[in-house]
Amino acid sequence: MELLFAVIFIVGGAQAKFVIDNIGYILYAVNGETQERSKMPVISRFNGITIKMYFHQSEHNPPHIHAIYGEYVGMFSLEDGNMFEGDISSKIQALVTEFILYYREDLLMMWKTQYFKVLPPIEK
């Protein structure tokens with residue numbers, strides 16, 4: 001894990017450390033014991049689109065990612081790459097679907113294992 005920055009606070013005798021790593025996890029520890037991570041780390045960014053996946057997502061199936069494009073959002077199935085909820089334009093949907101189909105195995109592995117990594121844009 002590559003760290004971007006860490007902040008340490010001491011409040012009431014307890015030391016709290018907040019860390020943000022290179023893929024957007026927010027991790028904090030109180031007196032050295034890890035407490036929580038960000039619920040939706042960034043998986044990729046390309047063409048103004050941000051791709052995220054929930055941490056602890058097993059509580060809400062089917063396997064999917066969240067795409068954000070400006071003020072528009074969409075939820076896309078990892079099975080077929082189609083948007084099943086949201087208001088993203090068809091042009092952006094096509095880019096997200098192409099991304100999902102290209103990285104489908106990586107995305108499904110992240111969904112199953114909870115090990116997230118940053119995926120680069122598709123090379124054309």
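This is a guided tour of a predicted model, moving from the whole chain to its sheet, its core and its aromatic residues.

**The whole chain**

Begin with the chain coloured by secondary structure, where two helices and nine strands can be picked out. Followed along the sequence, these elements give the pattern β-β-β-β-β-β-β-β-β-α-α. The chain has 124 residues, of which 35% are buried. Among the contacts with a separation of 6 or more, 28% are between residues 24 or more positions apart.

Next, colour by pLDDT, which has a mean of 76 over the chain, with 63% of the residues at 70 or more. Select residues 1–9, where the pLDDT is below 50, although the model gives this stretch 26 contacts beyond near neighbours in sequence. Then select residues 15–37, where pLDDT likewise stays under 50; here the model has 71 contacts beyond four places in sequence. Both stretches should be read with these values in view.

**The five-stranded sheet**

Now select strands β5 to β9, which make up an open sheet of five strands in the order β5-β6-β7-β8-β9, with antiparallel pairing. At its edges stand β5 and β9 (83–86), each with a single partner strand, so one side of each has no neighbour in the sheet. Seen across the sheet, neighbouring strands are turned by 20° against each other on average, direction ignored.

Start at the β5 edge. The loop between β4 (33–36) and β5 holds Pro41, a residue that counts as buried at 0% relative accessibility. A distance drawn from the C-alpha of Pro41 to that of Lys117 comes to 9.0 Å, while the two residues are 76 apart in sequence.

Moving into β5 itself, four of its five residues are buried, so this strand is largely enclosed by the rest of the structure. Strands β5 and β6 run antiparallel and are joined by four bridges. They form a hairpin with two residues between them, and in the turn Asn47 has a positive phi of about 50°.

Within this hairpin, select Arg45, which stands opposite Thr50 in β6. Is Thr50 buried or exposed? With a relative accessibility of 16%, Thr50 counts as buried, because the cut-off for that class is under 20%. Which residues is Thr50 in contact with, leaving aside its neighbours within four places in sequence? They are Val42, Ser44, Arg45, His66, Ala67 and Ile68.

Then cross to the other edge, where strand β8 (residues 72–77) pairs with β9 in the antiparallel sense over three bridges. One position to display is Phe76, whose bridge partner in β9 is Met83. The hairpin of β8 and β9 has five residues between the strands, and in this hairpin Gly81 takes a positive phi near 80°.

**The nonpolar core**

Hide the backbone for a moment and show the side chains of the largest nonpolar core, which has 22 residues. Those with the most contacts inside this core are Ile51, Met53, Ile65, Val96 and Leu107. At least two core residues come from each of β5 (42–46), β6 (49–52), β7 (64–69), α1 (90–102) and α2 (104–113). As a general background, nonpolar side chains tend to be buried together in soluble globular proteins.

**The aromatic residues**

Finish with the rings, of which the structure holds three aromatic pairs. Select Phe46 and Phe99, whose ring centres are 5.0 Å apart and whose planes lie at 25°, so this pair is stacked. The two residues belong to distant parts of the chain, with Phe46 in strand β5 and Phe99 in helix α1, 53 residues apart. Both Phe46 and Phe99 are buried.

Keep Phe99 selected and add Tyr103. How are the rings of Phe99 and Tyr103 placed, stacked or tilted? Their centres are 5.0 Å apart and their planes stand at 55°, so the pair is tilted. Tyr103 is buried, as is Phe99. Adding Tyr102 brings the whole group into view, since Phe46, Phe99, Tyr102 and Tyr103 form one aromatic cluster.

Technical notes: Residues numbered from 1 in each chain as written. Heavy atoms only, no water. Core = buried A, V, L, I, M, F, W, Y, C linked by side-chain atoms within 4.5 Å. Buried < 20%, exposed > 50% of the residue type's maximum accessible area, 1.4 Å probe, protein only. Phe/Tyr/Trp six-rings, centres within 6.5 Å; stacked < 30°, edge-to-face > 60°. Pairing = 2+ DSSP bridges. Axes fitted to C-alpha atoms, helices over the stretch in contact; angles between N-to-C directions. pLDDT = per-residue confidence, 0-100. Contact = heavy atoms within 4.5 Å.
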